Amino acid sequence: MALFRFFGQVRKEIARVSWPSRNETTVTTILVLILATLAALFFIAVDFVFRNLMGFLLGINLG
């Protein structure tokens with residue numbers, strides 16, 4: 001019977017959750033995609049600079 005009480009409490013808690021609207025979910029998803037893309041571009045640029053810098057300093061061709 002404790003199991004039924006547990007699931008009853010879970011149901012009450014889920015009913016109290018404030019779910020985001022469809023618009024909030026869409027805007028947040030778009031922002032995450034944009035920021036992830038910007039972060040990826042940043043790290044690609046940093047990698048490119050460091051790779052070329054190390055290649056220049058060590059006198060080797062990494063391309």
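Trainee: How much area does the protein expose, and what share of it do carbon and sulfur atoms supply?
Mentor: Areas here follow the Shrake-Rupley method with a 1.4 Å probe. The protein exposes about 6200 Å². The share from carbon and sulfur atoms is 72%.

Mentor: A note on the model: it is predicted, local features need pLDDT of at least 70, side-chain atom pairs count only at pLDDT 80 or more, and totals for chains, interfaces and linings use all residues. Residues are numbered from 1 along each chain as its sequence is written, and side-chain values use heavy atoms, leaving out hydrogens and water.

Trainee: What percentage of the 63 residues is buried?
Mentor: Buried means under 20% relative accessible area, exposed over 50%, and partly exposed in between. In this protein the buried residues make up 2%.

Trainee: How many helices and strands are there?
Mentor: Both are DSSP runs: helices are H or I with at least four residues, strands are E with at least two. The count is 2 helices and 0 strands.

Trainee: Which residue pairs with Glu13 in a salt bridge?
Mentor: A salt bridge puts a side-chain nitrogen of Lys or Arg within 4 Å of a carboxyl oxygen of Asp or Glu. The whole structure holds 1. Its closest N and O atoms are 3.5 Å apart. The partner, 3 residues away in helix α1 (residues 2–16) and so about one helical turn from Glu13, is Arg16.

Trainee: Is Arg16 buried or exposed?
Mentor: Glu13 is partly exposed, at 44% relative accessible area. Arg16 has 65%, so Arg16 is exposed.

Key
Buried means under 20% relative accessible area, exposed over 50%, partly exposed in between (1.4 Å probe, protein chains only).
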